[in-house]
Amino acid sequence: MTYRIIAATGCPTGIAHTFMAKEALEEAARKRGISIKVETHGQDGVQGALTQAEIDAADGVIIAADKDVNRDRFIGKRVVNVAVSKGIKEPEKLIDAIIDQTAPIYKDGQQRSASAGSAEPQQKDSILRSIYVSLMNGVSHMLPIVVAGGVMIAISLMFGIHSADPESSQYNEFAYYMNTIGGIAMNLMVPVLCAYIAESIAKRPGLIIGFIVGMIAFTNGTGFLGGIIGGFMTGYIILGLGYLFKGLPKQLDGLKSIFLFPVFGIFIAGFAMWFISAPMGWINQAMMDFLASFQNSNPIVLGLIVGIMCAFDMGGPVNKAAYVTGTALLSDGNFFFMAGVSAACIVPPIATGFATLFAGKSYSTSERSAGLVNFLLGSTHITEGAIPFAAKKPLKVIPFLMIGSSIAAILTYLFKVQVPAPHGGFIVLPIVTHPFLWVLAILAGAVVSGFLIGMDQKRTAAKSKTKETPIVQTAAVTEKSMPPVQDVSQIMSVDTIKLNVKAATQTEVFQQIAATAKQHGIITDQAAIIDGFIQREKESTTGMEQGIAIPHTERIEVRKPAIIIFKLADGVEWNALDGQPIKVVIAMLIPKETASNHLYYLSEVSKMLVHQETIDQLHRARKPEDILTLFSTKLSA
């Protein structure tokens, strides 16, 4: 059965996470033979927009986004609603929720149980996640304005610090216009942030009032904190008005949107913002002064804080907190703080590139290619390129990246580098003060992080090789006294080779293997065999590369040696060496007293899988007889 799934992805910046989630979902769907269409909400707008006909025909919807993607289009459909990072890391799990019909039905702004007889509403999105999504919706719309305005101002400064001042001897008319246009763009930062936070909460009425409240916040000097508070306040005031006016006749719906919401909304939210502006302005200024004071008094501490924040989640909320603070200070004319933030954001992807150079043989071909690409991503300030490397070993890789980002930020502050543009990476070098020192600081941090990550990867690879070495050596010894298998029917048959096996997890695969073994008299206790497989996986994964796993167990409950082969209908997560789902499982069951056979069979099957031709034949096989013939030929050679 083919499942038709639609999806929407989006992240605050709309540069990397958005499209990484799209790619991951499409790849996971392709492996399952499922058709999928993914709508992306990137910085260049909505791409692959879903039509109403496509929404109506879909079996389910996956929303992997940290911004508003207009969920109300999907009322009545099964909807999985998660952070964009889940779309990157767990695409199979999200697709399974639609396929298995465990995803709840989205209805009237909430998700209700899919059970026909149940009216019990499922738990709504958590308050923290709702707040985060709304905040990131504001940030995502604000960033292009800040970047454009910041670059315009930065270019104007190339003509001289006072080139936009008509009274100065440095005055340049072109620089004046550039600086003025850039300043207007930067002045829109707070209103746009406020408006789109409100829009995420209360849709179009919230957007309209949000712009006005944001202008009040900007005019009264509350800064971006005022924009954030104003956005949430406006959104929830409009929701409250909607509840208050819901009893009005339906014929007055037009009046509500064009008169009641705007008038009452601006009256309540506008007055509220005006009166909280004074304390908000004081708080905003105090925070800016506090952070700015570190630049001269303790740049090391400031660099350490900025480095840790930027590398902590690489484009996530903690990273964005540092970035938004930098852009706010940038609008106040402080170009030092953003220099450290930019350096700390550039380091992680470049560090992973260096790691693949320092420990090339310990990485797969695809990882080495990704590392080279990350040099380009890092150079253009796209931190998210490091996420795939960090996701595999977060407890080790992320701290290493924090070290490198902190080194870069600290050196940047010590070198007193100024970066007047909030984005662009090395593209903005012509307008950076002390550009060579800035690049040196970034490379120093990236090399240190890359070296630490690379050495850790080498140790991991060495441990895996050490675990495999005794098996190979022992097998070599036993081969002298043990003849090759002359009759493969002694250890496998057509009956123990199954195709199109349906299993969602590794444990389910083990359960079905044990059931097959029990059915054919190979074992005496299914539970013991399942436990044997699981315990072996805890030692180290049996998932190889290219979708093949070789689980094995040696137990007294095994009556005779056997190989059982499953080709799975869908890929199963196995923690494989290349991180890909497993499609073919070659399970070996060995009696306790015949350990030499265990090693021999494992060695021989492993030798088979070194050859790409054998792997391709295994994946192409459409009948159990084809697989039996393949193993007969290879194991009896």
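No disulfides are counted in this predicted model: the number comes to zero. A disulfide is a covalent bond between the sulfur atoms of two cysteines. For Cys310, the closest cysteine sulfur belongs to Cys345 and lies 3.7 Å away, which is too far for a bond. The cut-off applied to a pair of cysteine sulfur atoms is 2.5 Å, so the pair formed by Cys310 and Cys345, at 3.7 Å, is not counted. Cys310 is itself buried, since its relative accessible area is 0%. Cys194 also counts as buried, because its relative accessibility is 0%.

The chain contains 637 residues, and buried residues make up 51% of them. Its secondary structure consists of 21 helices and twelve strands. Among contacts in the chain with a separation of 6 or more, 71% join residues that are 24 or more positions apart.

Confidence was examined along the chain. The average pLDDT is 80, and 84% of the residues reach a score of at least 70. Residues 108-124 have a pLDDT below 50, and in the model this stretch makes 25 contacts beyond near neighbours in sequence. A further stretch, residues 467-486, stays under 50 in pLDDT. For residues 467-486 the model has 24 contacts beyond four places in sequence. Where pLDDT is low, the predicted coordinates should not be read in detail.

The packing of two helices was then described. Two packed helices are described by the angle between their axes and the distance between the axes. Helix H12, spanning residues 336-358, packs against helix H15, spanning residues 394-414, at an angle of about 145°. The axes of H12 and H15 are 8 Å apart, and the crossing of H12 past H15 is right-handed. On the H12 side, the contact involves Phe336, Phe337, Ala339, Gly340, Val341, Ala343, Ala344, Val347, Pro348 and Ala351. These residues meet Leu401, Gly404, Ser405, Ala408, Ala409, Thr412 and Tyr413 of H15. Sorted by class, the contact of H12 with H15 comprises 13 nonpolar residues, four polar residues and no charged residues.

Helix H1, which covers residues 17-32, includes Ala24. With a relative accessible area of 17%, Ala24 falls under the 20% limit and is therefore buried. Leaving aside residues up to four places away in sequence, Ala24 touches Gly87, Ile88 and Pro91. Ala24 and Gly87 are 63 residues apart along the chain, yet their C-alpha atoms are separated by 6.9 Å.

Positive phi values in residues other than glycine were found at positions including His434 and Asn500. For His434, phi is near 55°. His434 is located in the loop between H15 and helix H16, the latter covering residues 435-481. The relative accessible area of His434 is 41%, so this residue is classed as partly exposed. For Asn500, phi is likewise positive and near 55°. Asn500 belongs to strand S8, which runs over residues 497-501. Asn500 is exposed, because its relative accessible area of 51% is over the 50% limit.

Notes. Residues numbered from 1 in each chain as written. Predicted model: local features only at pLDDT ≥ 70, side-chain atom pairs only at ≥ 80, totals over all residues. Heavy atoms only, no water. Axes fitted to C-alpha atoms, helices over the stretch in contact; angles between N-to-C directions. Helix = DSSP H or I, 4+ residues; strand = E, 2+ residues; numbered from the N terminus. Left-handed = near helix turned anticlockwise from the far one by under 90°. Contact = heavy atoms within 4.5 Å. Nonpolar A, V, L, I, M, F, W, Y, C, P; charged D, E, K, R; others polar. pLDDT = per-residue confidence, 0-100. Buried < 20%, exposed > 50% of the residue type's maximum accessible area, 1.4 Å probe, protein only.
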